[in-house]
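Open the model in your viewer and keep a selection box ready. This tour goes stop by stop.

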Amino acid sequence: MGAEAGKLMKQESVGQMSESRRLAVILAVSGGLMDAYTYLLRGKVFANAQTGNILLFGVNLSEGSFREALRYFFPVLAFALGIVTAELIRHFFPEGKGFHWRQWAVLAECVILFFVGLMPLTYNGFANAMVSFACGIQVESFRKVKGNACATTMCIGNFRSGTQAVCDFLFSGERFSLLKGLTYYGIIGAFTFGAVVGNAAVKLFGQRAVWCSSLLLVLSFIVMFQKQDKK
């Protein structure tokens, strides 16, 4: 029991706001919204779920639909370039005075999505690539919650980790494992909520619905100025 309490206390004392639950929830809502936006409004292309894009790329390639295949290839490429960009931001804007490098990453995302909202639906291919580019920046910049590997732009890894943690709780009875599992499921729930909000925003605002993600990213930027509470 003492070991469990010590482990839990250590986990709760992680001082980086970039790994806080509240920030992860905001980013996950934004991630779900972006995926809903590109899928519902921009030609049924995924912003985050690159596995789906790669699958559809391969299917269209096998059927000789090369133009259609490229529609799914470019978001995958842009996602990879977003990861590279996040690493460049981390390299050229190291921690120190002023903004944290992850705040620069969030600002870059925000600006990208703002311009996507200005793009007419005739530019869906480019718009999808730019949203995937922003998602690549986010998935690389925010990879942990409370010290545990986690993604705010996709669910499969979180689902596996959350289910494993719940199984650990059932086998060991450690409350820490249950809290860990519920954290993962909570982030999945936030992503789902983002998709719901994205659907409503698309109906209300059309191509500018992605600005809702920009607003959430501005909120994330502000939240990162706060210091993580130690419990």
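The stops below run from the whole chain to single residues and then to enclosed space.

**Stop 1: the whole chain**

Show everything as a cartoon. This is a predicted model. Count the elements: the protein chain has nine helices and two strands. Walk from the N terminus and you read α-α-α-α-α-α-β-β-α-α-α. The two strands thus come after six helices and before three more.

Now colour by burial. Of the 231 residues in the protein chain, 46% are buried. Then draw contacts between residues at least 6 apart in sequence. Of these, 75% join residues at least 24 apart.

**Stop 2: confidence**

Colour by pLDDT. The mean for the protein chain is 88, and 90% of its residues reach 70 or more. Which helix has the lowest confidence, and which the highest? Select helix α1, residues 2-12: its mean is 43, the lowest. Then select helix α6, residues 124-141: its mean is 95, the highest. Stay a moment with residues 1-14, where the pLDDT is below 50. In the model this stretch has 26 contacts beyond near neighbours in sequence.

**Stop 3: arginine 42**

Select arginine 42, in the loop between α2 and α3 (50-62). Is arginine 42 buried or exposed? Its relative accessible area is 1%, under the 20% cut-off, so arginine 42 counts as buried.

Show what surrounds the residue. Leaving aside residues up to four places away in sequence, arginine 42 touches Tyr37, Val116, Met119, Pro120, Leu121, Tyr123, Asn124, Ala127, Asn128 and Gln207. Pick asparagine 124 from that list. Asparagine 124 is 82 residues from arginine 42 in sequence, yet their C-alpha atoms are 5.3 Å apart.

Next, turn on polar contacts. Which backbone oxygens does the side chain of arginine 42 reach? One belongs to valine 116, at 3.2 Å. Another belongs to proline 120, at 3.1 Å.

**Stop 4: two lysines with positive phi**

Open a Ramachandran plot beside the model. Most residues other than glycine have a negative phi. Find lysine 44: its phi is positive, about 60°, although the residue is not a glycine. Lysine 44 lies in the loop between α2 and α3. Arginine 42 is in that loop too. With a relative accessible area of 47%, lysine 44 is partly exposed.

Move to lysine 146. Here phi is about 55°, again positive in a residue that is not a glycine. Lysine 146 sits in the loop between β1 and β2 (148-149). Its relative accessible area is 6%, so lysine 146 is buried. Keep it selected for the next stop.

**Stop 5: the largest cavity**

Switch on cavity detection. Rolling a probe the size of a water molecule over the atoms shows where empty space is left. How many cavities of 30 Å³ or more are there? The count comes to two.

The largest has a volume of about 80 Å³. Eleven residues line it; nearest its centre are Val145, Lys146, Asn148, Lys180 and Thr183. So your selected lysine 146 is part of this lining. Now select helix α8, residues 175-205, which gives the largest share of the lining, five residues. Colour the lining by class: five residues are nonpolar, three polar and three charged.

**Stop 6: the second largest cavity**

The second largest cavity has a volume of about 40 Å³. Select Ser18, Glu19, Ser20, Leu23, Ala24, Leu27, Phe142, Lys144, Val145 and Thr152 to display its lining. Val145 is worth a label: it lines this cavity and is also among the residues nearest the centre of the largest one.

Two elements each supply at least two lining residues, α2 (21-41) and β1 (144-145). The largest share, three residues, comes from α2. By class, the lining holds five nonpolar, three polar and two charged residues.

**Stop 7: serine 20**

From that lining, isolate serine 20. Serine 20 is in the loop between α1 and α2. Its relative accessible area is 1%, so serine 20 is buried. Which backbone nitrogen does its side chain reach? Measure to leucine 23: the serine 20 side chain reaches the backbone nitrogen there at 3.3 Å. Leucine 23 is also one of the residues lining the second largest cavity, and the tour ends here.

Conventions: Residues are numbered from 1 along each chain as its sequence is written. Side-chain values use heavy atoms; hydrogens and water are left out. On a 1 Å grid over the protein atoms alone, a cavity is a set of points where a 1.4 Å probe fits but cannot get out, and a pocket is an open set with protein on both sides within 12 Å along at least five of seven lines; lining residues have an atom within 4 Å of a point. Grid points are joined across faces, edges and corners, and a volume is the space filled by probe spheres set on the points. Helices (H or I, at least four residues) and strands (E, at least two) are DSSP runs, numbered from the N terminus. Ala, Val, Leu, Ile, Met, Phe, Trp, Tyr, Cys and Pro count as nonpolar, Asp, Glu, Lys and Arg as charged, and the others, Gly among them, as polar. Buried means under 20% relative accessible area, exposed over 50%, partly exposed in between (1.4 Å probe, protein chains only). Contact means heavy atoms within 4.5 Å. A polar contact is a pair of N or O atoms within 3.5 Å; within protein, one must be able to donate a hydrogen and the other to accept it, and residues adjacent in sequence count only if both atoms are side-chain atoms. pLDDT is the predictor's confidence in each residue, from 0 to 100.
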